[in-house]
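Thanks for coming, everyone. Have a look at the next slide, and then I'll walk you through it.

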Amino acid sequence: MAAGLIGIGRYVPENIVTNADLEKMMDTSDEWIRTRTGIEERRIAGDDENTSDLAFKAAEAAIKDAGITADQIGLILVNTVTPDQPFPTVACMIQERLGATKAAAMDQSAACAGYMYGLVTAKHFVEAGTYDYVLVVGAEKLSKITDWTDRNTAVLFGDGACAAVVGKVSEGRGILAYELGADGSGGKFLYQDEHDHIAMNGREVFKFAVRQMGESAMNVIEKAGYQKEDVDFLIPHQANIRIIDAARKRLDLPEDKVAAVISKYGNTSAASIGNAMVECVENGKIKDDDLIVLVGFGGGLTWGAIALRYGK
């Protein structure tokens, strides 16, 4: 049997920071932000919330949705570029809080593509019979590495977490195909600088993202043995509405078949795709047996895509 998502969950902080709030902090405007990015607001964690807190709440939700208990989990994979501290890992922190005493635990780091890397890693462990259930978490507190004086980056990012329990699913469902990739020569375009802030060459990242998201999405559809006309729903990384639209057009999908929640949450890096998926499932846009494509890109430069038949 193939591996798939048997439970999903998310958590976003309560604190909302709007474009109007940012207008008071820096030389920017609501119109400038919306027209260039599609972002209207983002969630920002409080001083008393760290990445592990966000990850824990999303993980709890996914485990409940899966209908299992924490002690059944064999492995915890947390994808983040903003851990609470270098070690212990966020995965170890939430292992203790969840009571997942039988689980191995480690963090992964592939930036905004991290969730894809985590799901693919989990797929192999489950299909090899090593673990029955793997908990995959994408969690970021990007606000702590954001330069709030730099309007080119500060307007883009938000905090949040998503999670999925990966396990064996019924015939025909689950992860059908995937693609993971990296181009280290592009690392200079998106990185954490000497002041521990996010630094980005927006023009170069945009060009890379538009090209790679479309190519990777098409690649996994073909690997799974389908055509783009067969795709029911696209969940792209929520980085920029223009990048999302470019990926949508590459697959010839109408707007109502694409997850676009960037206006409410901004770019939450490794939490982005999973957060968008949960919202679309809750809203009834994604249903059992839908053919879904997940695709994202991030610092590294990294990318990943998955063709998934949704459902347990």
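Is cysteine 112 buried or exposed? At 9% relative accessibility, cysteine 112 counts as buried. Keep in mind that this is a predicted model.

Let's stay with the cysteines. There are 0 disulfides in the structure. Cysteine 112 takes part in none, and the nearest cysteine sulfur, in cysteine 162, is 12 Å away. What about cysteine 280? Its closest cysteine sulfur also belongs to cysteine 162, at 13 Å, and that is too far for a bond. A disulfide would need the two sulfur atoms within 2.5 Å. Cysteine 280 is buried, at a relative accessible area of 3%.

Next, the sheet. It is open, with 5 strands in the order S1-S7-S6-S4-S5, and the pairing is mixed. Which strands stand at the edges? They are S1, residues 3-11, and S5, residues 104-108. Each has a single partner strand, so one side of each lacks a neighbour in the sheet. On average, neighbouring strands are turned by 20 degrees against each other, direction ignored.

Look at S1 and its partner. S1 and S7, residues 159-168, run antiparallel and are joined by 8 bridges. Cysteine 162 turns up again here: in S7, it is the bridge partner of arginine 10.

Two helices lie across this sheet. H4, residues 90-98, crosses S4, S5 and S6, at about 130 degrees to S4. H10, residues 272-282, lies across S1 and S7, at about 95 degrees to S1.

Now helix H7, residues 202-223. How far apart are its end C-alpha atoms? They are 31 Å apart. At 1.5 Å a residue, its 22 residues should span 32 Å, so the two values agree. Several H7 residues are buried, among them Val205, Phe208, Ala209, Gln212 and Met213. An α-helix has 3.6 residues a turn, so residues three or four places apart point the same way. Just after H7, glycine 225 takes a positive phi of about 85 degrees.

Last topic: aromatics. The structure holds 3 aromatic pairs. Take phenylalanine 208 and phenylalanine 297. Why is this pair edge-to-face? The ring centres are 6.2 Å apart and the planes are at 75 degrees, so it falls in that class; the cut-off is over 60. The pair links distant parts of the chain, H7 and strand S12, residues 291-298, with the two positions 89 residues apart in numbering. Both phenylalanines, 208 and 297, are buried. Ring pairs also bring in Trp303, giving a cluster of Phe208, Phe297 and Trp303.

That's my tour. Over to you.

Notes
Residues are numbered from 1 along each chain as its sequence is written. This is a predicted model: local features need pLDDT of at least 70, side-chain atom pairs count only at pLDDT 80 or more; totals for chains, interfaces and linings use all residues. Side-chain values use heavy atoms; hydrogens and water are left out. Buried means under 20% relative accessible area, exposed over 50%, partly exposed in between (1.4 Å probe, protein chains only). Two strands pair if DSSP finds at least two bridges between them. Helices (H or I, at least four residues) and strands (E, at least two) are DSSP runs, numbered from the N terminus. Axes are lines fitted to C-alpha atoms, for helices over the stretch in contact, and angles run from 0 to 180 degrees between N-to-C directions. Contact means heavy atoms within 4.5 Å. The expected span of a helix is 1.5 Å times one less than its number of residues. Rings of Phe, Tyr and Trp (its six-membered ring) pair if their centres lie within 6.5 Å; planes under 30 degrees apart count as stacked, over 60 as edge-to-face and the rest as tilted.
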